[in-house]
Amino acid sequence: MPRLPLIVIADDLTGAAELAALAHQAGLRAVVLTEPPRRAVAADVIVCDSGTRLATPAAAARAVKLLARRVRAIPNAGIFKKVDSVLRGNVMAEIEACMDVLGLKRTLLVPCNPSLGRIINNGRYFIAGVPLHKTPFAREPHHPRKTCLVDRLLADGTFDVKCYHHAEELPQSGVSVGEASSPADVALWASRLDAETFPAGGADFFRMWLQHLRAGKRIAPSAPPQMQATLMLSGTATPTDPVTPLPGPALALDPVKLPKPGPLAAAALAHLRAAKLVSVFIQTTGKGGKGSSQAINRMFLNLVRRVRPTKAFDHVLIAGGTTTALVLESLDWHRLEVVHVWGPGVVTLRPIEAPAILVTTKPGSYPWPVSLRRHFAATVELAAG
């Protein structure tokens with residue numbers, strides 16, 4: 001009898017892909033869904049993206065309740081709530097929605113990722129030793145982090161939130177935040193999970209959750225999939241995004257003076273045919289302002305629609321979860337299987353609806369992995385002969 005799948009509810013696409021990648025690295029078949037499942041999916045781990053990171057708390061709660069009801073109807077071995085590692089989005093509203101649907105009174109929330117230098121100590125959030133509100137996340141456009149106090153980052157007026165050391169006893173109800181300064185701390189928290197406790201958190205806690213459930217085991221990394229030509233899009237212009245174009249030709253765009261669709265598509269197509277690679281990205285420095293994120297995303301959607309019929313690329317690499325989600329939605333691709341992991345959070349997916357195309361997604365605030373840059377540097381050298 002096949003084992004039952006594990007299910008994850010995430011609030012954005014890059015977070016969903018990040019956890020699916022961890023499952024893939026554990027030798028499990030992982031599928032990302034961008035719409036609520038209507039039936040069982042052939043996978044060991046099903047990661048559902050609610051797309052609610054930028055929604056209002058009320059809208060996010062409604063959407064996550066609907067999603068939780070759908071996944072509850074699928075026979076499963078456990079449900080995990082993915083949250084942003086620095087607690088952006090509607091963290092409490094979505095956890096409360098899940099608890100309501102699943103009939104659970106207690107949540108253990110471990111959002112930080114000590115493996116990436118992101119820790120919670122004495123109720124305060126630090127990144128590489130710097131208080132969260134003194135990092136570039138303080139200038140994040142949608143959810144600026146103006147404090148490092150975790151209870152204030154989470155306060156929404158419903159549940160009382162308190163941070164706990166792993167040696168402390170947890171209350172029988174409500175949302176408890178587990179402090180963690182090391183991966184070992186996260187593992188201790190995972191060992192304290194039981195059937196009455198809803199697990200929620202970031203990538204490190206999910207990895208330990210899999211180990212706690214004895215689901216899969218780490219496998220050797222696979223070789224990158226075959227790709228003939230790559231179109232890279234980066235619409236993320238936040239201060240936390242260390243965006244750089246990939247090696248090879250690039251089209252740097254002024255965010256306040258975007259190019260017309262026809263000339264941009266022609267320029268991108270010329271580079272794709274000549275070099276098999278082009279980076280199209282928004283300049284984050286210079287004279288201009290931030291520009292409109294909606295206008296930038298519309299430009300990228302238009303570019304993909306114009307160039308795709310030419311079959312000039314078979315791989316689209318996108319930085320930023322919102323842009324990735326919009327591109328997938330515009331192409332009516334909603335089920336994606338993990339095929340390769342380049343580094344933390346940087347994942348190549350194959351749309352089940354269009355298996356000839358590959359999509360690689362990268363969280364806006366994550367760096368480009370060295371393995372990916374090396375791969376494309378080799379691609380450019382090969383194209384140049």
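# A walk through the model, starting at strand 12

Select strand 12 and strand 14 (residues 277-282) together: the two run parallel and are joined by 5 bridges. Strands here are DSSP runs of E, at least two residues long, and helices are runs of H or I, at least four residues long, all numbered from the N terminus. Two strands count as paired if DSSP finds at least two bridges between them.

A word on what you have open: this is a predicted model, in which local features need pLDDT of at least 70 and side-chain atom pairs count only at pLDDT 80 or more, while totals for chains, interfaces and linings use all residues. Residues are numbered from 1 along each chain as its sequence is written, and side-chain values use heavy atoms, with hydrogens and water left out.

**Stop 1: strand 12 and its neighbours**

Stay on strand 12, residues 230-234. Pick S234 and look across to strand 14, where its bridge partner is F281. Now add strand 15 (residues 315-319), which also runs parallel to strand 12 and is joined to it by 5 bridges. From L233, the bridge partner to find in strand 15 is I318.

Is strand 12 mostly covered or mostly open? Mostly covered: 5 of its 5 residues are buried, where buried means under 20% relative accessible area, exposed means over 50%, and partly exposed is in between (1.4 Å probe, protein chains only). In a regular strand the side chains alternate between the two faces of the sheet. Colour T230, M232 and S234 one way and L231 and L233 another, and you have the two sides of strand 12, both covered.

**Stop 2: a cluster of rings**

Next, select F80, F205, F206 and W209, which ring pairs link into a cluster. The model has 4 aromatic pairs, counting rings of Phe, Tyr and Trp (its six-membered ring) whose centres lie within 6.5 Å; planes under 30 degrees apart are stacked, over 60 edge-to-face, and the rest tilted. One of them is F80 with F205, a tilted pair at 5.9 Å centre to centre and 50° between the planes. This pair links distant parts of the chain: F80 is in strand 4 (residues 78-82) and F205 in helix 6 (residues 203-212), 125 residues apart. F80 counts as buried because its relative accessibility is 0%, and F205 is buried too, with a relative accessible area of 0%.

Now swap F205 for F206. How do the rings of F80 and F206 meet? They are edge-to-face, 5.4 Å centre to centre with 70° between the planes. Here too the pair links distant parts of the chain, strand 4 and helix 6, with F80 and F206 126 residues apart. Both F80 and F206 are buried.

**Stop 3: two packed helices**

Two packed helices are described by the angle between their axes and the distance between the axes. Show helix 2 (residues 57-72) and helix 3 (residues 91-102): they pack at about 35°, with axes 8 Å apart. The axes are lines fitted to C-alpha atoms over the stretch in contact, and angles run from 0 to 180 degrees between N-to-C directions.

To see the contact (heavy atoms within 4.5 Å), show side chains including P57, A61, V64 and R72 from helix 2 and A93, A97, C98 and L102 from helix 3. The residues of this contact divide into 10 nonpolar, no polar and 5 charged. In that count Ala, Val, Leu, Ile, Met, Phe, Trp, Tyr, Cys and Pro are nonpolar, Asp, Glu, Lys and Arg are charged, and the others, Gly among them, are polar.

**Stop 4: a three-stranded sheet**

Move on to the open sheet of 3 strands in the order 6-7-8, paired antiparallel. Strand 6 (118-121) and strand 8 (130-131) are at the edges with a single partner strand each, so one side of each has no neighbour in the sheet. Strand 6 is joined to strand 7 (residues 124-127) by 4 bridges. Click I120 and you'll find it opposite Y125 in strand 7.

**Stop 5: three single residues**

Try T107 in strand 5 (residues 106-110). T107 counts as buried because its relative accessibility is 0%. Leaving out residues up to four places away in sequence, T107 touches I95, M99, G174, V175, S176, T197, F198 and A200.

Then pick D49 in strand 3 (residues 45-49). D49 is buried at a relative accessible area of 9%. Beyond four places in sequence, its contacts include D11, D12, L33 and T34.

Finish on R335 in strand 16 (residues 335-343). Buried or partly exposed? R335 is partly exposed, with a relative accessible area of 33%. Draw a distance to R350, 15 residues apart along the chain, and the C-alpha atoms are separated by 8.4 Å. R350 is also among the residues that R335 touches, along with V32, L33 and R39.
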